[in-house]
Amino acid sequence: MSSRSSLAFATPTPGATPAVKRSLSSSASSSRRGGAVGAGARRGGGGKNAAFSSVLFSSSHSHRHRQHQHRMGRRGGENRGSIGRGFRGKMTTMASLSSSSSSTMQQNPDGFAQIDLFSPSKINLFLRIVRRREDGYHDLASLFHVIDLGDEMSFAKSSSETKDTLVCEDASIPLDESNLVIKALNLFRAKTGIKQYFWVELKKTVPSGAGLGGGSGNAATALYAANKLCGDVATEEELLEWSGDIGSDISVFFSTGAAYCTGRGEIVEDVEPPLPLTTKMCLVKPSIGLSTPTIFKALDLDKRSKAEPLDLLKSLNADGCTYENAINDLERPAFSKLPELGELKDKLIDATKEDGAVVFMSGSGSTIVLLGTDTVPKFAMEDDDLFKSKARLISRKKGEWFVPSNV
Ligand code: C5P
């Protein structure tokens, strides 16, 4: 089966030109090409159904959905307020995160240094599953890209000698050791030998069960913050390497934004952003989320794409994002577990044909990415059960952390 004929889910738009192409200047450049893509891009970037209960997360995110519908008509940074409340009254109001600074270090009322960071999420521009491993994981080959849909996090050293404290107003977020943030702080202490505990405040925006790596982004941000607060005792390369111990999707956040990931996802190779960071994008997600292990288990290996991952990468670089290269092997199992998601994708494809968007699922779902348009179709805008957000691809310089784009 050719890579083209394997695109049963990608529903190619016959005769359509690639919807999302790199600019001419960027196609004349690359890592081999001298970095103009990155330079140019950086300028631009700154349970509803009981039958699914074992597979799907029922949503208690309706207020978050409203928040995001809100964001659709606003600048990204403007939807961020104080996160001081609920934090024992000790943290100062979080400084507004802007694209000009990656973090704000300040003193909190206890005299401890406090650091405020943006905690990004990711999409997969393509996702091929290479093989099922004996340890239950799957080797994959995927172009991950960090995006600016993200959470807000504040960190300070704690005087506790026994535990970290995680605060989050979202009642659906566990605050104990099952949270990747606490796992990340435990990992930091185990690897460095530093017996330092932390206060963490988390303001969630990224939905769970979305295929966006929101919790993984929180864990990466926690590792970065703990290291900063402790005087940069570890290198970013060490943080990247360590992060694979607690999850497969965390390491990508130690890339510079665009990364070709293999292994479980933890082997990260930085690549030049294949698309301009100014590329328009929106995300649409049903209120039901999907469980990653369940979707991996439901994957029928015989029904995967046959496309070579490196050919997909080449095509992405040469032609931009197209229905031919925006392949996600997890779409078929996700749509089999949640048929409404496949139907949503089809409706989004239909509704965005005129915009020339390319529509595909991120990770193990349930987020559908609309690449190449900022306009959420009317039917989706009118559906209060859908999460909707504008987003942009982002990158960072080594040594700095991610910040939202200016969009
Ligand atoms: O590593 P992480 O905790 O994010 O993975 C969650 C689950 O997703 C794993 O326990 C496994 O079932 C599945 N997974 C997989 N192959 C991967 C990544 C995740 O099978 N590469």
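**Notebook: ligand site and backbone outliers**

I began with the pocket search and noted that the largest pocket holds about 1,300 Å³ of space. I then listed its lining, which comes to 47 residues; closest to the centre are Leu180, Ser216, Asp249, Thr292 and Pro293. I keep in mind that this is a predicted model.

I sorted the lining by class and got 18 nonpolar, 23 polar and six charged residues. I also looked up which elements supply at least two lining residues each: strand S3 (113–132), S4, helix H4 (180–192), helix H5 (214–229) and H7.

Next entry: the ligand. I checked where the ligand sits, and it is in the largest pocket. For the shell around the ligand I wrote down Gly136, Tyr137, His138, Leu140, Gly247, Ser248, Arg264, Thr292, Pro293 and Phe296. Thr292 and Pro293 are in this shell and also among the residues closest to the centre of the pocket.

I sorted the shell too: four of its residues are nonpolar, five are polar and one is charged. Strand S4 (138–158) and helix H7 (292–298) each contribute at least two residues to the shell. Which element gives the most to it? I found H7, with three residues.

I then went through polar contacts to the ligand. A polar side-chain atom of serine 248 is 2.5 Å from a ligand oxygen. For histidine 138, I noted a polar side-chain atom 2.7 Å from an oxygen atom of the ligand. Arginine 264 enters my list through its backbone: an N or O atom there lies 2.9 Å from a nitrogen atom of the ligand. I looked up the cover as well: on its own the ligand has 450 Å² of accessible area, and the protein covers 74% of it.

Last entry: backbone geometry. I went in with the usual expectation that most residues other than glycine have a negative phi and most peptide bonds are trans. Where does the chain depart from trans, with a cis peptide bond? I noted the bond from glycine 365 to serine 366, with omega near 15 degrees. I placed serine 366 in the loop between strand S11 (358–361) and strand S12 (368–371).

I also noted aspartate 232, a residue other than glycine with a positive phi, near 55 degrees. Aspartate 232 belongs to the loop between H5 and helix H6 (236–243). H5 was already in my notes as a supplier of at least two residues of the pocket lining.

Methods
Residues numbered from 1 in each chain as written. Predicted model: local features only at pLDDT ≥ 70, side-chain atom pairs only at ≥ 80, totals over all residues. Heavy atoms only, no water. Near = heavy atom within 4 Å. Polar contact = N/O pair within 3.5 Å; in protein donor to acceptor, adjacent residues only side chain to side chain. Areas by Shrake-Rupley, 256 points an atom, 1.4 Å probe, with all protein chains shown as cover. 1 Å grid on protein atoms, 1.4 Å probe; cavity = no way out; pocket = protein on both sides within 12 Å on 5 of 7 lines; lining within 4 Å. Sits in = over half its atoms within 2 Å of the grid points. Helix = DSSP H or I, 4+ residues; strand = E, 2+ residues; numbered from the N terminus. Nonpolar A, V, L, I, M, F, W, Y, C, P; charged D, E, K, R; others polar. Points joined across faces, edges and corners; volume = space filled by probe spheres on them.
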